[in-house]
Amino acid sequence: MRISRAKFQSFWMLLSLLLLFVVFLGHPAIASSQQRDTKEELLALPGELGRSGGRLVVALRGEPKTLNPLIAADSRSREVIAVMQADLVHINRATQLTEPALAKSWKISPDGLQYTLVLRQGIKFSDGQPLGADDVIFTFQVYLDENVHAPQRDLLIVGGKPITVRKVDGQTVVFQLAKTYGVGERLFDGLAILPKHLLEKPYQEGKLAQIGTLETAAKQWAGLGPFRMKEYVAGQRLILERNPYYWKADTQGNRLPYLDELVFLFVPNADAQVLKFESGESDVISQLGAENFSVLSRQQKGYVMTDAGPGLEYNFLFFNLNAPGEKASSEMRRKQEWFREVKFRQAVSNAVDREAIVRLAYQGRGTAIWGLVAPGNRRWGNEKLAHPARSLDRARALLREAGFSWSNGPDGESTLQDAQGKPVEFSILTSSSNADRAKMAALIQDDLKQLGMRVQVVPLEFRSLLDRVTQSKEYDACVMGIASFDADPNSDINVWLSSGGTHLWNPSQAYPATPWEAEIDRLIEEQMSARTFEQRKKLYDRAQEILSEKQPMIFLASPDILAGAKNSVGNFHPAVLEPYVLWNVEQLYRKSATENGTR
Amino acid sequence: MMRYFLRRSAHAFLLIAGVSMLTFLFTTLAPGNYFDEMRLNPQIAPETVAALRAQYQLDRPLPVRYLYWLNSVVHGEMGFSFAYNSAVAPILLARARNTLLLTIVATLLAWGIALPLGVWSAERRGRLPDRVLSLGTAALLVIPELGLVLGLLMFAVRSGWFPAGGMASVEFESLTFIHKVRDLALHMTLPVVALVLSALPLLIRHVRAAVADVLDAPFLLAAQGHGVPKRTLLYRYALPAAANPLISLFGFSIGGLLSGSLLIEVVMSWPGLGPLLLEAILSRDLYVVVGGVLFSTLFLAGGNFLADMLLYWADPRIRRESSLR
Amino acid sequence: MKNWHAFTRWLIALGVLHGIVLCAGFFAPYGPSEQDRKSPYLPPMRVHFVDGQGHFHLRPFVYSFRLRDGSFDQYEEDAAKPDPLRFFVSGWRYRLFGLLPSGLHLFGAETTRVYLLGSDGYGRDQFSRLLFGGQVSLLAGFLGTGFALVAGLSIGAVAGYYGGWRDDVLMRVAELFLALPWLYLLFALRAFLPLAVGPLQAFFLIIAVIGAVGWARPARLVRAVVLSAKERDFVRAARGFGATDIYLLRRHVLPETSSVLLTQAAILIPQYVMAEMTLSFLGLGVPEPVPSWGNLLSNLQQYSVLVSYWWMYLPALAIVPFFLGYLGLASSLQERGEAYKIERRGLGRLT
């Protein structure tokens with residue numbers, strides 16, 4: 001039978017169309033939109049190659065309260081969350097510059113108001129579900145929702161308005177800012193991307209704050225970090241296992257992390273941490289005090305101790321400059337009159353023996369500071385600021401100018417008196433759990449004794465201390481320390497701004513209490529939206545000058561970052577930014593084949 | 001017998017109730033209000049704060065608060081811990097278990113050493129061995145407990161033979177049973193040594209005194225005359241006669257099971273009731289303090305009660321005395 | 001009679017010990033808060049009689065210390081610079097017994113500071129701090145005991161003398177206090193009172209707290225004595241003559257309690273000194289920079305101190321001679337009391 005030519009041709013056309021269609025289907029770009037399994041775009045990390053396998057044990061000072069980034073306030077929770085979550089853009093702790101993370105590239109519009117980020121393709125959460133632009137949109141929706149009270153919300157308010165985000169396609173999102181932001185893409189560092197498929201329902205029910213606890217996180221949470229939750233034993237340890245879907249690889253293409261398990265041991269305090277490290281129970285140790293560092297350095301059996309150089313922590317003494325409430329006693333008012341006198345504060349600053357603080361509290365492993373920018377932050381310090389040497393004469397001259405005088409007691413000791421003849425006495429609060437700051441307070445006490453002031457050091461439990469300083473404002477003076485979490489002035493913005501919560505001498509002001517605080521506010525706001533580094537630095541320098549002149553905080557010293565690890569831990573490069581030792585946890589590995597968590 | 005028992009239990013019960021009221025009263029000395037504590041804890045949701053407020057009536061006057069706390073005791077919760085964000089009772093029980101592990105072992109050891117030593121010394125009273133032991137116990141008595149514990153800790157740290165504190169090593173969960181036991185034993189050694197050394201001197205002295213008092217009694221001389229061997233004489237005749245004060249002492253030992261080891265636990269980082277209480281006191285976690293003190297008092301009262309019961313059973317004079325009443 | 005000698009012997013020994021502590025200003029070369037920031041954690045200095053060349057010197061001397069290069073707390077003796085010790089030197093001014101200003105010290109060296117027991121993290125002399133700390137701890141023990149005894153005496157006397165419902169109530173309350181674990185109670189009470197107080201106020205708070213917790217046992221003992229005393233013939237007779245209660249208590253009854261109070265004092269003083277030490281050790285007692293035997297030990301809780309600076313442990317043993325003295329005193333008092341009672345009863349037992 002002869003088939004008509006027309007029919008034959010249409011048959012072949014149909015067949016070739018079909019074939020084309022099949023080929024078309026097989027094309028990766030089309031396939032990805034239909035199938036769920038796309039080729040992943042892994043981030044290849046440069047650096048030393050390591051061995052897969054093994055376990056790392058870290059001793060944590062205390063137990064994390066939660067694994068939910070939306071409510072984590074304490075540093076321990078943050079430390080654990082950091083290895084379980086990932087952000088869009090990450091600051092490399094070693095170089096202190098930004099790098100692509102979940103976003104493989106980004107573009108900032110010429111007017112500085114739009115940030116376009118392109119996500120990596122094929123990334124999966126730790127439970128195997130895919131990551132897409134919807135998760136990013138959901139994440140920022142949650143962060144910005146006022147009812148959620150996420151601490152991250154404040155970080156996303158630029159120019160008084162919250163950042164908005166919209167989806168361009170499955171892989172691209174655009175962030176819209178109300179004002180230009182000098183910090184740029186650094187703002188994305190640390191903002192964990194949340195899984196919409198797990199959290200959407202609790203969010204709609206308003207139950208987000210209740211999930212993600214240590215006991216339930218394994219089932220309720222999925223992250224994009226190198227590790228995921230495996231087991232939790234209350235009061236003892238937290239075991240994390242390798243995330244098989246982690247999106248980073250080494251230069252040879254091996255998927256990271258190298259380690260199979262990461263164990264966090266809970267110990268009660270710093271000394272217990274040292275004991276565990278010394279006995280070989282834990283493999284790395286960080287945030288060491290100088291004394292423990294010396295002890296460990298002296299022994300050095302099977303481990304190596306590293307001084308990573310000056311860090312970003314700054315310690316300071318500040319006075320209660322809050323406006324006195326109606327309930328304030330006359331004694332408090334009198335004291336505050338002294339504190340408000342600039343020359344009084346300058347005199348105290350001149351009398352403090354910073355060199356002794358570095359030597360006795362940090363055993364020389366630290367630097368004296370006179371300003372807010374710690375020496376670990378090399379780009380932003382104001383080099384022109386004066387670093388006056390300690391001078392008791394200068395201090396006495398300043399006090400005399402301010403109307404103070406000395407009276408001589410019967411035993412030859414002289415007491416400082418104010419213009420009304422009342423002796424100058426006050427107390428300095430400090431945290432009872434921090435031995436270094438207690439030492440600083442004791443040294444300051446002795447220094448001020450030489451000026452005739454009677455100072456008393458009161459150690460308090462940290463929570464009570466915080467409550468006194470930020471809530472009830474019932475204190476005279478306090479010694480505290482803050483560690484900036486980024487080498488960019490914006491990380492300390494709440495210290496600078498008069499409305500900030502960590503503007504410790506007079507926090508959360510409705511409007512600036514003094515003209516110089518108003519001036520600082522203005523400078524900081526301006527540098528936030530300046531576009532270039534030079535512009536920002538000029539403004540920031542001026543703000544530091546004002547602070548150095550008015551001395552609301554008397555800066556003391558900054559410790560070096562001290563850490564240690566067993567010899568068998570590879571790729572150990574402590575950084576001066578948090579998390580000091582685990583920042584490159586995906587690249588840490590155990591060297592010997594027989595190592596398995598013991599020495 | 002029943003009447004004595006009932007009387008003693010009623011007594012103990014009243015004591016405990018009184019103690020709970022007293023401790024509750026003490027906690028009101030603390031300045032500030034309870035809500036500050038809860039506000040500072042980010043994990044406690046506002047709804048929980050409101051629920052707690054309702055459950056414990058925290059803004060009402062003291063007697064009301066006490067009643068609501070009593071209510072929670074009856075329900076097995078014993079109040080709410082602000083620091084641990086949970087009911088107090090489970091925390092207390094877990095820690096009390098750790099403390100008891102130490103103190104029971106130490107008490108048994110101490111009595112096990114003190115009894116034979118005391119009897120031996122009483123038998124040779126006035127002679128050289130007695131004097132030497134007397135000197136030894138005096139030497140131990142004058143060393144302050146703080147010095148003893150710190151000294152042992154220093155020894156542990158410098159020699160490395162014992163772990164310097166804590167209850168278990170990191171690999172505890174993954175060890176075999178035998179190794180678990182060994183690990184626990186190693187961690188327990190120094191705290192137990194400290195407890196035993198601080199309890200021994202007084203125990204030995206009391207045992208010696210009690211037995212020495214009895215050894216002059218005529219009936220023992222008579223038994224000796226009958227040819228009863230020395231060992232039987234001491235342990236089957238003398239010791240039971242001397243038992244009266246010793247049983248009371250034993251009651252004290254039981255009573256101190258929970259509270260006597262506070263300092264040692266704190267210095268050696270043993271996760272027992274002591275460190276919990278200290279922490280709670282320092283962080284104003286009031287219900288934990290009340291619960292902890294109550295727990296220890298329970299043991300104290302229980303110890304006395306047990307001693308009374310034992311005395312009743314062991315000493316016929318008391319039985320007769322009480323039935324006469 | 002033998003017991004009189006024992007009692008006096010112990011009393012003299014204790015007197016000497018307390019005397020040394022009382023004159024802390026004289027025996028200590030330096031003040032308790034004098035910092036020497038160039039010499040933190042110096043180990044105890046050795047007193048030498050023979051120098052590097054083998055010559056014997058009658059006057060003992062010490063070597064000054066030099067910091068070993070590159071280290072923070074490793075020192076070595078500088079053998080080139082012997083510094084002879086001088087006795088009865090004049091130094092920093094203090095008040096003997098709190099009254100007489102003086103500048104005389106038992107010993108001192110010319111150029112270097114003499115650290116007999118080493119120095120602490122601020123370079124303060126531990127030996128001086130030990131002596132001054134003793135003043136604080138012992139005084140706290142004394143005053144605490146005094147407070148507890150006075151309270152116990154009053155309450156016990158009232159309960160024993162008047163009897164009835166007063167007796168019942170007071171003794172029930174006493175039983176309550178005795179039932180509480182006193183160390184816990186001490187801590188709880190102290191911690192619930194304001195923590196941010198000056199050293200003087202903290203000191204008195206400790207005493208008040210100790211007294212508030214410790215009155216129960218003395219009260220019970222006093223009550224027992226008063227109960228038996230008030231039935232004595234001469235008391236009944238005096239009452240028959242129309243003596244008031246106060247007169248009876250003051251003249252006849254209370255003097256009977258003296259021996260029990262004395263024995264209690266000998267037992268309680270060391271106990272309360274320990275209580276102060278424990279409180280200060282845990283940070284609830286006397287605050288820095290005022291030394292007390294307790295807070296001299298508190299930095300031993302740091303691992304680095306335990307490992308590297310063994311001399312910081314020595315204050316723990318400072319109280320040992322005092323405990324010994326009080327123990328001897330208490331046992332001699334008890335023996336004396338027993339012997340007295342036996343003599344009274346006229347049993348004439350061979351001792």
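The exercises below work through selected features of this predicted model, each with a step-by-step solution.

**Exercise 1.** Find out which residues have the most contacts inside the largest nonpolar core, and which helix gives the largest share of that core.

*Solution.* Begin with the core as a whole, which has 338 residues, and in which Ile428(A), Leu556(A), Val149(B), Leu186(C) and Ile210(C) are the residues with the most contacts. Turn next to the contributing elements, where helix α3 of chain C, covering residues 126–162, supplies the largest share with 14 residues. Finally, take Ile210(C) by itself and set aside its neighbours within four places in sequence, whereupon its contacts are Gly144(C), Phe147(C), Ala148(C), Leu186(C), Tyr272(C) and Ala275(C).

**Exercise 2.** Describe chain C by its secondary structure, its span and its share of buried residues.

*Solution.* Count the elements of chain C to obtain 13 helices and four strands. Then follow the C-alpha trace of chain C along its principal axes, where the span is about 85 × 50 × 40 Å. Last, consider burial, for of the 351 residues in chain C, 43% are buried.

**Exercise 3.** Explain why helix α8 of chain A is described as largely enclosed, and name elements that cover its buried residues.

*Solution.* The helix runs over residues 290–299, and because seven of its ten residues are buried, the rest of the structure largely encloses it. The buried residues of α8(A) are Ala290(A), Glu291(A), Asn292(A), Phe293(A), Ser294(A), Val295(A) and Leu296(A). Their cover includes, from chain A, α7 (270–278), β16 (303–310), α11 (354–362) and β25 (557–566), and, from chain C, α11 (303–308). After α8(A) comes Gln300(A), which has a positive phi near 45°.

**Exercise 4.** Decide whether Met78(B) and Tyr41(C) are buried or exposed, and state where each of them lies.

*Solution.* The step needs one cut-off, namely that a residue is buried if 20 or more other C-beta atoms lie within 10 Å of its own. Met78(B) has 25 other C-beta atoms within 10 Å and is therefore buried, while Tyr41(C) is buried because it has 23 C-beta neighbours inside 10 Å. As for location, Met78(B) sits in the loop between α4 (62–74) and β1 (80–81) of chain B, whereas Tyr41(C) sits in the loop between α2 (24–27) and β1 (48–50) of chain C. Neither residue is a glycine, yet phi is positive in Met78(B), at about 60°, and in Tyr41(C), near 50°.

Key
Residues are numbered from 1 along each chain as its sequence is written. Chains are lettered from A and ligands numbered from 1 in the order in which they are written. This is a predicted model: local features need pLDDT of at least 70, side-chain atom pairs count only at pLDDT 80 or more; totals for chains, interfaces and linings use all residues. A nonpolar core is a set of buried Ala, Val, Leu, Ile, Met, Phe, Trp, Tyr and Cys residues joined through C-beta atoms within 7 Å. A residue is buried if 20 or more other C-beta atoms lie within 10 Å of its own, exposed if 12 or fewer, and partly exposed in between; C-beta atoms are placed from the backbone. Helices (H or I, at least four residues) and strands (E, at least two) are DSSP runs, numbered from the N terminus. Two residues are in contact if their C-beta atoms, placed from the backbone, lie within 7 Å.
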